[in-house]
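Work through the exercises below on the cysteines of this structure. Each task is followed by its solution.

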Amino acid sequence: MKGFTAAFLIWTLISPNGGGKAWPTHTACRDGSLEVLYESCDPLQDFGFSVDECSKQLKSNINIRFGIILREDIKELFLDIALFSKGSSILNFSYPVCEDDLPKFSFCGRRKGEQIYYAGPINNPGFEVLTGEYQVLLQLYNGNHSTVACANATIICS
Amino acid sequence: MAPHGSCFLLAVLLSAGCKAIASSDQMCTEKEANKTYNCENLGLREIPDTLPNMTEFLEFGFNFLPTIENTTFSRLTDLIFLDLTRCQINWVHEGTFQSHHQLNTIVLTGNPLIFMAETSLNGPRSLKHLFLVQTGISNLEFIPVHNMENLESLHLGSNHISSIKLPENFPTQNLKVLDFQNNAVHYLSREDMNTLEKATNLSLNLNGNDIKGIEPGTFHSKMFQSLKFGGSPNLSVILKGLQNSTAHSLWLGTYEDIDDQDLTLAMLEGLCEMTVESINLQKRHFSDISSTMFQCFTQLQELDLTATHLQGLPSGIKGMNSLKKLVLNVNNFGQLCEINAASFPSLTDLYIKGNVRKLDLGTGCLEKLENLRKLDLSHNDIEASDCCNLQLRKLLHLQYLNLSFNEPLTLQNQAFKECPQLELLDFSFTHLHINTPQSPFQNLHLLQVLNLSHCLLDTSNQHLLAGLLDLRHLNLQGNLFQDGSISKTNLLQTLGSLEILILSSCELVSIDQQAFHSLGKMSHVDLSHNSLTGTSIDAFSHLKGIYLNLAANSICTIPPHLLPILSQQSTINLSHNPLDCTCSNIHFITWYKENLQKLEGSEETLCANPSSLRGVKLSDVKLSCGITALGIFFLVVFLLSLTTLFIFSVKFLLRHKYQNI
């Protein structure tokens, strides 16, 4: 019996929350030469994301679709992007999505607990993706630096 | 064995359910003892037993409470704030909050509510804020009207509401905020608005509703604190509908993801028929902007034209005499003169930040703005080889100037002679060229706050800060000093009024003991993120009761004679230093434990040495460095034998000497 109790105790100790199980990898877009995969790195939840057009010659102002449950208010919302290739950092930048004095998108100002579905343009510049494999870390956070969304993405361009 | 086996199986089966409850008891985080708790994301099915009865603020979002009723929260009678965001609540039964007399805020955002009982919100004596955002409401009769007499804000965003008409007996006399964001309101009628008649100074938010029509007279002689129609594609309908109304502020901006019509003179005509002090038109497009475009803006005090694709403002705009505040951020100006500032003679606040193009300040472009108090020109790629007297000509009353995040500027002697009233000056992240021995800030006798962080200053210039007689707050973060040290004679010596000094991330290695001697009024010194050692503390011997941040430096030991200097200060941060936890530092460690109430960041104040104690909190370290009883015994024996030996050898020597005679 002692053995069972011990085993049971150990099992209950180890098993909560699956011990950091990862969210599944999704495909944001795929076509002949370009493939974008992502997985959520927010331990609390997954989210849905897709890009309407996937092309090596990325157009400006592309349309995306995005679905998530907000775990924080997003009166202020910032996006950090870190781009890596072959393990070395190529580019880092931070972009304000929603600010008190400039809410750029219609979803700015929505509240914790709301479910959001956004289908629309993102105001990006157009550029050509060079052949290779890239890792991208995207983080959305609010004015208190609380995570709103986090994604580990892989871009494969052949 | 068989029963044991089945017990185990049963335990395993049940554990999934039990685990959450069992583990969660410890997992609610205490933010303030017996008062504020956060139990979010724990999958709880009930209020944990461990929460104290006197809990006042409870964040309970993202748990599982399909039904809430009078027993659900009955134990927590002192609740003031209750957040039940996304708890999958379907039913709010009778008397759920009947014993919660103090409750003033209930958050039910994101719950798929099926029904709220008539008396479900009864109980609180003064229920002020109710959040029913995204709860699937399509009919406002759904909200129980009882006990709403004290309601100040009602949040109904992201529902399926098509009419803002409140139930007839809904008390609105105290209502200040009514939020209908992202609903399906397409039409506003007089009847709708009449239900809000008793509300005074109301802020009504209709952002994200596609308003297609407003019945004439709906807003007739109605007064609002603020009205928001953000993202409405058809502004003329709205402005026509607002006839004869009064609003302190009117938000008519749009967004990146919304297609809208260009603004025309005809569209804005409705503004002539209403009274409004402040308008926001962010992200709208003007078609063919001319001086007549603004003919209905004459009474306006504040105008926000952020990101309206402007390349200039027309000259000769008439009647904008009363405009006090103008926001022109994120536009497309080439030169500052293109805003034709002369049209706004009363302007006190002007914001032009984040211009899309490189902005040229020109010469005297703002000289007609003699009442200007506040000017923000940050994030504009401004570059100037001789700043700023020509550029800021005649801004005699300017008090606040922000030139942060620009391209390199060269400042000469008395660079702000034209703005002698300046109280705050911000240059952070703008590279400043100042030749030695120039004193650009001379005669800014009223300047109180100066931000020079990351300006790549030449700090060896002793005259750099000359003339700042009233400076209280100086930020020099990220600037470098010769040899990484602040010597006895330095650029700070003239700043006798200084109270707040920030020298973080300056790669400092040492500070002379006399370096801050002329700064007798300092109350806040930030030296974090440098490479200072314990001896730098000597520079603060003449100061008392200050906040001293020494986080992230290279402090290993602090000699005992410097501890009284720390003792006389009010708050000290020593976190993220490679602190020594051996007996050589025992005086400091003892002092540290006795003065924990003075110390900030004690969770991150850890030992680095010896390796056995690496990462241990300094407050948890126990060292015994005195000599033990056994040690004293051996020392005494050793000393005794040494004395005996000495006496014998002297005796022997003397005897030997006299024998020879």
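The exercises concern a predicted model and its disulfides.

**Exercise 1.** Find what C98(A) and C108(A) form, and give its handedness.

Solution. Step 1: the sulfur atoms of C98(A) and C108(A) are 2.1 Å apart. A disulfide requires sulfur atoms within 2.5 Å, and the two residues form one. Step 2: the torsion about their S-S bond is about -80°, so the disulfide is left-handed. Step 3: C98(A) lies in strand 7 and C108(A) in the loop between strand 8 and strand 9 of chain A, so the bond ties together parts that are ten residues apart in sequence.

**Exercise 2.** State the handedness of the disulfide between C28(B) and C39(B), and decide whether these residues are buried or exposed.

Solution. Step 1: the sulfur atoms of C28(B) and C39(B) are 2.2 Å apart, and the pair forms a disulfide. Step 2: the torsion is about 115°, so this disulfide is right-handed. Step 3: C28(B) and C39(B) are both buried.

**Exercise 3.** Explain why C506(B) has no bond to C455(B), and classify C506(B) by accessibility.

Solution. Step 1: the closest cysteine sulfur to that of C506(B) belongs to C455(B) and is 11 Å away, which is too far for a bond. Step 2: the relative accessibility of C506(B) is 1%, so C506(B) counts as buried.

**Exercise 4.** Which cysteine sulfur is nearest to that of C556(B)?

Solution. Step 1: the nearest one is that of C581(B), 11 Å away, and C556(B) is in no disulfide. Step 2: with a relative accessible area of 35%, C556(B) is partly exposed.

Notes: Residues numbered from 1 in each chain as written. Chains lettered and ligands numbered in written order. Predicted model: local features only at pLDDT ≥ 70, side-chain atom pairs only at ≥ 80, totals over all residues. Heavy atoms only, no water. Helix = DSSP H or I, 4+ residues; strand = E, 2+ residues; numbered from the N terminus. Buried < 20%, exposed > 50% of the residue type's maximum accessible area, 1.4 Å probe, protein only.
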